[in-house]
Amino acid sequence: MIKYIKEEMVLVEWEDSASPLSQWCHLDDLPTLEVIKCVSVGFIVAESDQVLMLAPNIGDIGTDNAQASGCIRIPKSGITMQRGLISDGTMPSVDKEFGDL
């Protein structure tokens, strides 16, 4: 059987930093100060006090040699919302639509 922490998928909204600027710029021309709002969906494959790791893809299910690809490590300090997805593949009602992120 699959060996992941929770046998359900979760949707996680979280905030991240923007990519660093790759070139010199004058301090008068700095980009706007904002965080990047992100959404991730996957199985929780690892978790610590500081990090939640999701995998959207699980392979070799039903064996002792399960695999995951596309794993992402999300700092818990950046998580703004986390919800379980219903087992029939639908999502529970959420407080806001994706366009409002």
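**View 1. Strands E1 and E7 pair side by side in this predicted model.** The two strands run antiparallel, and 5 bridges connect them. E7 covers residues 79-84. Which residue of E7 stands opposite Val 10? Gly 84 does.

**View 2. Strand E1 also pairs with strand E2.** E1 spans 9-16 and E2 spans 36-47. Their pairing is antiparallel and holds 8 bridges. Two facing pairs help to trace it. Met 9 has Phe 43 of E2 as its bridge partner. Trp 14 stands opposite Cys 38, again in E2.

**View 3. A hairpin leads from E2 into E3.** The connection takes 3 residues. E3 is made of residues 51-55. How many bridges join E2 to E3? There are 4, and the two strands run antiparallel. Within this pairing, Glu 47 has Leu 52 of E3 as its bridge partner.

**View 4. Lys 76 and Glu 47 form a salt bridge.** Their side chains meet at 2.8 Å, N to O. The two residues are 29 residues apart and link distant parts of the chain. Lys 76 sits in the loop between strand E6 (72-75) and E7, while Glu 47 belongs to strand E2. Are these residues buried or partly exposed? Lys 76 is partly exposed because its relative accessible area is 29%, between the 20% and 50% cut-offs. Glu 47 is partly exposed too, at 40% relative accessibility. A search of the whole structure finds 1 salt bridge.

**View 5. Ile 44 is a buried residue of strand E2.** Why does Ile 44 count as buried? Its relative accessibility is 0%, and buried means under 20%. Look also at Glu 8. The C-alpha atoms of Ile 44 and Glu 8 are 7.9 Å apart. Along the chain, 36 residues separate the two.

**View 6. Three leucines make a nonpolar surface patch.** They are Leu 21, Leu 27 and Leu 30. The patch covers about 340 Å². Where does Leu 21 lie? Leu 21 is in the loop between strand E1 and strand E2. Leu 21 counts as exposed because its relative accessibility is 51%, and the cut-off is over 50%.

**View 7. Cys 25 and Cys 38 differ in exposure.** Cys 25 is partly exposed, with a relative accessible area of 32%. Cys 38 is buried, at 18% relative accessibility. A disulfide is a covalent bond between the sulfur atoms of two cysteines. How many disulfides does the structure hold? The count is 0.

**View 8. The whole protein is built with 7 strands and 0 helices.** Read along the sequence, the pattern is β-β-β-β-β-β-β. The protein has 101 residues, and 19% of them count as buried. Its accessible surface comes to about 7600 Å². Carbon and sulfur atoms own 51% of that surface. Now consider the contacts in the protein with a separation of 6 or more. Residues 24 or more positions apart account for 58% of them.

Conventions:
Residues numbered from 1 in each chain as written. Predicted model: local features only at pLDDT ≥ 70, side-chain atom pairs only at ≥ 80, totals over all residues. Heavy atoms only, no water. Patch = residues over 30% accessible without salt bridge, like charges linked within 9 Å, V, L, I, M, F, W, Y side chains within 5 Å. Areas by Shrake-Rupley, 256 points an atom, 1.4 Å probe, with all protein chains shown as cover. Salt bridge = Lys/Arg side-chain N within 4 Å of Asp/Glu carboxyl O. Buried < 20%, exposed > 50% of the residue type's maximum accessible area, 1.4 Å probe, protein only. Pairing = 2+ DSSP bridges. Contact = heavy atoms within 4.5 Å. Disulfide = S-S within 2.5 Å.
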